[in-house]
Amino acid sequence: MCLFCCLLLLLLPICSLSIEGRGTITSARMGLLRAKEYIILLFVLILVQGFKYSKTQCHNCSKQHFCNCSSNHLQRVPDVPVNVLGLDLSFNQIESIYMTDLGRYTELKFLKLHKNELTFIHEEAFKSQKKLEVLDLSLNKLENLSSCWFQELKSLQQLNVLGNPYTTVGPAPLFRCLVNLRTLQFGSPSLRKVYKNGLDELTRLDEMTVVGSNLMLYENGSLKAARPVSLVSLSLQDLFQKDPELVAKILRDVSHSETVMIVRDSALTTNISAGPFKEMKEGGTTSLTFLNCTSTDEAITSLLLVLDGSALSYLGLEDAHLVGQGFWQKATLTHYENLRTVYGRNLDIQGFIRFSSMMQLEFLLQNFYKISMINSTVFVIPRFTTFMMKKIEYLDLSQNLLTDLTIEETLYTGMGQFQNLSTLNVSQNSLKSFGLLSHLVANIARLINLDVSHNSFVSMPEKCSWPTTLRFLNLSRTKLSRLTPCLPLSLTVLDLSENDLKSFHQKFPKLTTLILTGNRFLSLPQGGFFPNLETLHIQRNALRMFNGKALSRFKNLRYLEAGDNNFLCSCEFVSFFQYNVKDLVTLRDSRQNYVCDTPFSIRGDTIDSVRLSVFECYMIPAVSILCAGIILVLLIIAVICHKFHVIWYLQMTKAWIKAKQKPAVGRLAGELRYDAFVSYSQHDAEWVEEILVPNLENAHPPFSLCLHKRDFRPGRWIVDNIIDSIEKSHRTLFVLSEHFVTSEWCRYELDFSHFRIVDESNDSAVLILLEPIEKESIPKRFCKLRKIMNSRTYLEWPEDEDKRSEFWSNLRAALSRNEC
């Protein structure tokens with residue numbers, strides 16, 4: 001339709017131009033101007049329509065294929081992944097659902113359209129949702145409900161169409177196709193007429209909620225299902241007074257012994273309003289709850305008379321407002337032998353102190369087994385009233401105004417009260433004396449469960465008296481900072497959570513469950529105190545760690561919950577937690593709750609994810625091994641250096657580098673003081689000093705020789721003396737013998753002389769072979785000697801005296817400076 005309008009707008013200026021073309025040129029120009037205006041208008045309309053009908057995206061989708069698109073100001077169903085299983089579109093401004101909006105999402109199981117602006121849903125909008133299980137259309141603006149919506153929803157289990165302004169449900173069989181429906185919620189203040197809608201064909205319906213405060217017509221059998229519905233909630237408000245016959249029709253269809261009835265948001269203030277409940281009696285209703293209702297003592301009396309002799313066994317009053325003076329005389333002759341349980345929560349009794357004595361209710365109280373009066377401003381129950389509750393087994397007075405003074409009156413046992421009481425709950429009151437409480441319950445011979453949590457005991461006496469039957473004791477949030485032997489040894493379950501406890505030193509031979517959550521324990525309690533303990537809760541304490549030794553003391557411990565503590569992630573604890581704890585106990589809370597607090601580098605990491613290094617875990621052994629390894633390596637290096645004479649090579653390299661820094665400065669400056677530096681072994685000193693030196697120094701011309709014994713400067717490092725002497729000598733004379741090749745100092749002199757030969761490219765080395773030496777016998781460290789002997793001519797000292805003159809002549813020639 002919108003496209004047709006746009007085309008029509010486009011044609012209008014063209015037609016205008018064709019007509020005006022017959023007139024003047026001015027008229028034609030005016031037509032053109034109007035044409036431009038139409039085109040601009042057309043462009044704006046296209047933009048508006050395109051913006052209005054363009055789909056938006058919703059990206060808030062989880063890995064479980066659930067998309068939460070609520071509160072996003074959406075005006076249409078957005079685009080989401082095709083495989084979406086759950087789609088929440090609540091709290092948006094969606095007005096319509098068209099045929100193609102949901103067509104692609106064939107896997108959808110959950111669709112929530114609560115609190116939108118829905119006024120239109122296409123008849124085939126849900127045609128492709130054959131797997132849909134939950135559909136919520138509540139609080140919209142649907143004025144009609146169509147059976148076509150539900151024709152293909154064979155898998156639907158929950159349907160909510162509450163709070164829409166439709167006035168009629170039916171007469172077409174609206175819900176007939178929902179063969180798997182389990183929960184149905186419909187109605188609103190606008191609802192006026194209810195017809196049969198196919199509920200009689202639904203065999204799996206378990207829960208039904210109907211809101212019809214302004215109903216005017218109800219067709220008999222409209223709410224009668226194929227089988228009794230387990231839970232029926234009716235919100236009919238003033239209809240109990242305005243049209244009790246219509247209410248009676250409804251109650252007739254839904255009342256059954258297997259049905260739990262909830263009447264909510266209603267006012268029962270007159271005798272007439274109690275009349276329709278006769279249908280409940282006829283239907284055999286056993287459970288009836290009034291939720292958010294207002295009543296008077298007159299209406300309650302009438303209700304008791306109507307239900308006299310009924311099968312009612314449970315009566316509940318929640319968020320109820322009671323008005324009156326408490327005149328129950330008319331109902332005193334009624335019979336309620338079946339009524340065993342009364343549950344009251346958030347009761348507001350106006351003028352409670354003006355009510356007459358509860359003695360008039362003896363006909364009710366004497367049959368009760370379970371009574372709950374929660375958050376109902378109860379501050380005392382007179383002892384004469386409790387005397388009437390002879391069969392009471394369960395009494396819940398939590399969230400009231402009981403004090404140490406009034407609890408003594410309430411739990412008075414002097415007249416045989418509470419002889420059958422097994423469960424007592426006085427939590428969240430204003431009790432302060434733990435000793436008084438133990439004294440009061442000591443005479444309740446069959447007491448098994450006692451809940452005194454959320455009181456302000458602060459401390460407990462050293463000794464207390466308890467019934468021997470007590471098994472379960474709840475002392476959570478009672479501000480205790482220390483435990484004493486006051487606690488009963490008969491307990492099997494003890495809850496001490498959310499207190500200020502640091503230690504536990506009492507033995508409980510029968511205890512199977514201990515709850516210490518939210519205290520200040522630094523370690524696990526000693527397991528020897530709890531020989532039968534199976535479950536221990538110790539979350540949110542100051543626990544640093546626990547180990548196998550501590551857990552093994554609990555002989556029967558099977559389950560442990562110790563998360564949310566300040567764990568010290570030492571190597572021992574991390575290793576135990578990751579590999580051994582599962583062999584001793586089962587951690588019932590998530591392992592993700594076990595998080596490191598220290599050391600700082602891994603704070604916030606789960607213990608399962610921590611990976612500590614060897615040095616962090618085994619510091620002393622690791623350092624010891626490392627040091628031992630370093631020492632071993634150093635020893636190996638020392639042995640290698642000794643064997644291969646590395647130190648000598650390094651020293652020679654150092655000497656060579658030092659010599660390189662002043663290579664020939666002395667000779668260029670005329671500082672060569674000696675003709676030769678004599679390098680010899682100390683074992684050959686006699687030959688050198690008595691034969692060599694006299695023959696050379698007394699020759700003509702004489703030779704100046706440098707001898708270490710005579711010419712080295714005292715106090716100077718030997719190596720420096722060697723280097724300096726060789727540098728100041730024209731030649732270096734080596735006296736070779738077996739002793740020479742074993743002398744390290746001779747090797748220094750030989751190595752440095754070799755460096756000089758290589759660097760200066762001269763023949764400064766002169767060799768005298770004092771005795772025959774096999775080259776193969778020369779040690780490998782004397783590699784320089786081998787090279788020189790292979791590359792230089794050397795002189796041999798002759799044994800024959802006749803040849804010695806020739807030797808001296810050759811030697812003088814070798815040392816002569818002219819040979820240089």
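Let's start with a small open sheet: 3 strands, in the order β8-β10-β12, with parallel pairing. Its edge strands are β8 (168-169) and β12 (217-218), each pairing on one side only. Strands here are DSSP runs of E, at least two residues long, numbered from the N terminus, and two of them pair if DSSP finds at least two bridges between them. Between β8 and β10 (residues 193-194) there are 2 bridges in the parallel sense, and one match to look for is Thr 168 with its bridge partner Lys 193 in β10.

A word on what you're looking at: this is a predicted model, where local features need pLDDT of at least 70, side-chain atom pairs count only at pLDDT 80 or more, and totals for chains, interfaces and linings use all residues. Residues are numbered from 1 along each chain as its sequence is written, and side-chain values use heavy atoms, leaving out hydrogens and water.

Now hop along to strand β36 (residues 729-736). Here 8 of the 8 residues are buried (under 20% relative accessible area, with a 1.4 Å probe and protein chains only), so β36 is largely enclosed by the rest of the structure. β36 pairs in the parallel sense with β34 (residues 674-679) over 5 bridges, and also with β37 (residues 765-769), again parallel and over 5 bridges. Leu 733 makes a handy landmark in β36: Val 678 stands opposite Leu 733, and in β37 the bridge partner of Leu 733 is Val 766.

How values were computed. Helix = DSSP H or I, 4+ residues; strand = E, 2+ residues; numbered from the N terminus. Buried < 20%, exposed > 50% of the residue type's maximum accessible area, 1.4 Å probe, protein only.
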